[in-house]
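Work through the exercises below with the sequence and the coordinates open beside you, and try each task before reading the solution that follows it.

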Amino acid sequence: MPNVIDSNNAIVFKGVGKTYLKESVFALHDVSFSVARGSFTCLIGPSGCGKSTILKLIAGLEKPSVGSVQTPPTKNIAMVFQSGALFPWLTALENVAIVLQARDSTMTKAKARQKAEEFLQLVNLAALGEKYPADLSGGQRQRVGIARALAVQPEVLLLDEPFSALDPKTTAELHDDLLRLWKQTGTTIVAVSHLIEEAVVLADSILLIKEGTIAEHYAVTIEYPRRDRETAFIQEVHRIRKDFFA
Amino acid sequence: MPLVVMALAVIVVKLFAVAVPVSSDTITINTLLAALGFTLLRLIVAYLLAVIVSIPLAVLATVSPLTRAIFLPMFDIFQSVPILAFFPVIILAFISMKSLMGAAIMILFLSMVWNIVFTLIGGINVIPHDIIAAAHLFGLRGFAYFRKVLLPAMMPQLITGSILAFAQGWNIIIVAEVLHTYIPHGTSAQDLFGIGSILVAASANGQNNVFLWAVFVMILAIAFINFFVWQKLLHYAQRYRFE
């Protein structure tokens, strides 16, 4: 997979198709798009449309059957998982520190822990560093997942429906945190969501995926922070909703 | 792999090779406790060997669809063969190496190993895809993945498998210590000193008192190990479980 991409785009898909031989099913076909550096792109679409497959292709966890996927090297990509994917036998702090040492073998344990503390602080979890994932709430676990992903200072941060199992209040808080961190770090973010409202709150670019291909692309120009009672927000949601259910 | 295990067993046996014939008139509570010690030592050595061998076997059987297709049916056949079928062969092999203790440990090892292998395979199979993906994406690969992800992830199943394996070891201990029945023209002098051989000797000599005391000591030991080792480890392993 070539990893050389132009200076404006962090990710480029050209005519990408993905077939799972075992199921003889086309997960994706003819997918072409690019993601601008520093942008926040959201992939939306109904269940099983191929959103998560696109994310796995970006992460290098899957290879395309046809076409080309151009991304930064895997070491510059991080991901926040729907389940959190934290190691249950490690504390919050250790969950962050372990990936720092895995990505940089020269980093000492003490340095990794110190850096992990800084990133837990960034997601307001400094006081819970010694807690195990089982002792944290769903929202706190996702915060650790975000801290872990940001700690490796990725060029591209992938989010696979990380808020789908959380209550609305926690989700709103995490949205605010994520937007703050995005502004602070300038990281390119690609998120998957099945909620149009969530995509409009977060993203400046939305891709609607239907039946394994890109159905629509929307540029969202509403000022941040976006509130769901504002007219512009409601109009944007309605516009996408029409295509979503068409 | 069996050759490596046999070699390891021989080394261990050389370190504590004591084969005291059971003389039924001299059995006291101290003798019973000493016998229990030897039995436990054999069980522990066999168990440790079984763990050392099981982990790579379980990893090998799950590393790819190809190895899964090759090794799983193979392991299934091995674990289905009755342990006693191996016994005469193993005894003869160890007699030629002048090590009856090695034979006992090998028998115990064979009775334990598949319990651990199959529970570990089950454990590896339930590692969530997201955990594997996260480990891969964040650079935990190869030996780092094995040490920092796979081994801890297997911990709950290792404990469960160990409990099953040890129970299997207790079940087979009499067979493993009363070796003379498998040796042509064997005598009880060839039995290994242990709680299993004392049970058999006491039963054969009609010493019901000794027999009952031996059973009592064995049950006490099993209960003690269960309460102070396995239950503690099971509790500890909760932390390693995926939700």
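**Exercise 1. The nonpolar patch**

Task: Determine which residues form the nonpolar patch on the surface, and which helix gives the most to it.

Solution: The structure is a predicted model, and local features are taken up only where the pLDDT is at least 70. Step one is to list the members, which are Ile29(B), Leu33(B), Trp213(B), Phe216(B) and Leu220(B), and which together have about 510 Å² of accessible area. Step two is to assign them to elements: α2 (29–62) and α9 (208–237) of chain B each supply at least two residues of the patch, and α9(B) gives the most, with three residues. Step three is to look at one member in detail. Leu33(B) is placed in helix α2 of chain B, and because its relative accessibility is 48%, Leu33(B) counts as partly exposed.

**Exercise 2. The largest pocket**

Task: Find the residues closest to the centre of the largest pocket, and say which element gives the largest share of its lining.

Solution: Begin with the volume, since the largest pocket holds about 990 Å³ of space. Its lining is made of 29 residues, and those closest to the centre are Leu61(A), His129(B), Ile132(B), Ala133(B) and Tyr145(B). Next, collect the elements that each supply at least two lining residues: from chain A there is α1 (51–59), and from chain B there are α2, α3 (65–80), α5 (100–125), α6 (129–137) and α7 (142–177). Finally, the largest share of the lining comes from α6(B), with five residues.

**Exercise 3. The cavity**

Task: Establish how many cavities of 30 Å³ or more there are, and which residues line the largest cavity.

Solution: The count comes to one cavity of 30 Å³ or more, and the space in the largest cavity is about 30 Å³. The residues that line the largest cavity are Cys42(A), Leu159(A), Pro162(A), Phe163(A), Leu178(A), Ala191(A), Val192(A), Ser193(A), Glu198(A) and Leu202(A). When the lining is sorted by element, β7 (188–193) and α6 (196–202) of chain A each supply at least two residues, and β7(A) contributes the largest share, with three residues.

**Exercise 4. Salt bridges**

Task: For the salt bridges Glu62(A)–Lys18(A), Glu197(A)–Arg241(A) and Arg42(B)–Glu177(B), decide which parts of the chain are linked, and whether the partners are buried or partly exposed.

Solution: As background, side chains of opposite charge can pair when their charged atoms come close. Over all chains, the structure holds 11 salt bridges.

1. Glu62(A) and Lys18(A) meet through their side chains at 3.6 Å, N to O. This pair links distant parts of the chain, with Glu62(A) in the loop between α1 and β4 (66–70) of chain A and Lys18(A) in strand β1 (residues 9–20) of chain A, 44 residues apart. Glu62(A) counts as buried because its relative accessibility is 17%, and Lys18(A) is likewise buried because its relative accessible area is 10%; the cut-off for buried is under 20%.

2. Glu197(A) and Arg241(A) form a salt bridge of 2.6 Å, N to O. Here too distant parts of the chain are linked, helix α6 of chain A by Glu197(A) and helix α7 (residues 231–245) of chain A by Arg241(A), and the two residues are 44 residues apart. Glu197(A) is partly exposed, with a relative accessible area of 32%, and Arg241(A), at 31% relative accessibility, also counts as partly exposed.

3. Arg42(B) and Glu177(B) meet at 2.8 Å, N to O. Arg42(B) lies in helix α2 and Glu177(B) in helix α7 of chain B, so this pair ties together parts that are 135 residues apart in sequence. Both Arg42(B) and Glu177(B) are buried.

To finish, note the network of salt bridges that links Arg143(A), Lys169(A), Glu173(A), Asp177(A) and Arg180(A).

**Exercise 5. A polar contact**

Task: Locate Thr170(A), and name the residue whose side chain it meets in a polar contact.

Solution: Thr170(A) is found in helix α5 (residues 168–185) of chain A, where it is buried because its relative accessible area is 15%. A polar contact of 2.7 Å joins its side chain to that of Asp167(A).

Definitions and conventions: Residues numbered from 1 in each chain as written. Chains lettered and ligands numbered in written order. Predicted model: local features only at pLDDT ≥ 70, side-chain atom pairs only at ≥ 80, totals over all residues. Heavy atoms only, no water. Patch = residues over 30% accessible without salt bridge, like charges linked within 9 Å, V, L, I, M, F, W, Y side chains within 5 Å. Areas by Shrake-Rupley, 256 points an atom, 1.4 Å probe, with all protein chains shown as cover. Salt bridge = Lys/Arg side-chain N within 4 Å of Asp/Glu carboxyl O. Helix = DSSP H or I, 4+ residues; strand = E, 2+ residues; numbered from the N terminus. Buried < 20%, exposed > 50% of the residue type's maximum accessible area, 1.4 Å probe, protein only. Polar contact = N/O pair within 3.5 Å; in protein donor to acceptor, adjacent residues only side chain to side chain. 1 Å grid on protein atoms, 1.4 Å probe; cavity = no way out; pocket = protein on both sides within 12 Å on 5 of 7 lines; lining within 4 Å. Points joined across faces, edges and corners; volume = space filled by probe spheres on them.
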